[in-house]
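Colleague: Hi! Could you walk me through this one? I'd like a plain tour before I head back to the bench.

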Amino acid sequence: MEAHRGTPAEQLTEVRAGIDRLDREIVGLLARREEFVRRAGTLKADTDAVRAPDRVEQVIRTVRALATESTADPDVVEATYRAMIGAFIDLELRVHHRDQAVARTPPRPGAGKSASE
C-alpha cells in the first residue's frame, strides 16, 4: 500500500478503489476455479467424493500456511475458504447430479434419427 496522503475521506476513496480492483481480480480467479470445479464434478463417482472432507481439510491446512507466509490472518483466510469451498461443493453437487441424471435417462424412441430416415 502507498503512503497516506490527503484527507481521511480521500484516503478512504483510494482504499475502496484498491479493494474494487482486487475484487475484479478475485472474481476472475473464482471463475477459473469454477471451471476446475465443474470438471471435477463430472469426474467423481458419487456425492461422497464430491464432498471430500479429507480434501477440504487438506486445502484448509494449505491456505492457512500460505496465509501465515503472506502475513494474512489465517483465521480470516480459513473462514473465507470454508465459505468458498461450501459454495463450490454445492455447485459441484448440482453438476454431478445433472450428469448422473443425464446418464440414467434412457434414449427416446427415434432419438438420433435424421428426418430423412
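Modeller: Happy to! Let me start with a term: contact means heavy atoms within 4.5 Å. With that, residues 24 or more positions apart account for 69% of the contacts in the protein chain with a separation of 6 or more.

Colleague: Where does the model come from, and how are residues numbered?

Modeller: It is a predicted model, where local features need pLDDT of at least 70, side-chain atom pairs count only at pLDDT 80 or more, and totals for chains, interfaces and linings use all residues. Residues are numbered from 1 along each chain as its sequence is written, and side-chain values use heavy atoms, with hydrogens and water left out.

Colleague: How many helices and strands are there?

Modeller: The protein chain has 4 helices and 0 strands; helices (DSSP H or I, at least four residues) and strands (E, at least two) are DSSP runs numbered from the N terminus.

Colleague: I'm curious about His 96. Where is it found?

Modeller: His 96 belongs to helix α4, residues 74-104.

Colleague: Buried or exposed?

Modeller: His 96 is buried, at a relative accessible area of 3%. Buried means under 20% relative accessible area, exposed over 50%, and partly exposed in between, using a 1.4 Å probe and protein chains only.

Colleague: What does His 96 touch?

Modeller: Leaving out residues up to four places away in sequence, His 96 touches Gly 41, Lys 44, Ala 45, Asp 46, Thr 47 and Val 50. Its side chain also reaches the backbone oxygen of Gly 41, at 3.4 Å.

Colleague: Back to α4. Which other residues are buried there?

Modeller: Among them are Val 77, Met 84, Phe 88, Leu 91 and Val 95. The cover over the buried residues of α4 includes α1 (8-43), α2 (47-51) and α3 (53-69).

Colleague: Why does the span of α4 agree with what's expected?

Modeller: The 31 residues of α4 should span 45 Å at 1.5 Å a residue, and its end C-alpha atoms are 43 Å apart, which agrees. The expected span is 1.5 Å times one less than the number of residues.

Colleague: And how do α3 and α4 pack?

Modeller: Their axes are 9 Å apart, at an angle of about 145°. Axes are lines fitted to C-alpha atoms, for helices over the stretch in contact, with angles from 0 to 180 degrees between N-to-C directions. The α3 side of the contact includes Val 56, Ile 60 and Val 63, while α4 brings residues including Tyr 81, Ile 85 and Ile 89.

Terms used: Polar contact = N/O pair within 3.5 Å; in protein donor to acceptor, adjacent residues only side chain to side chain.
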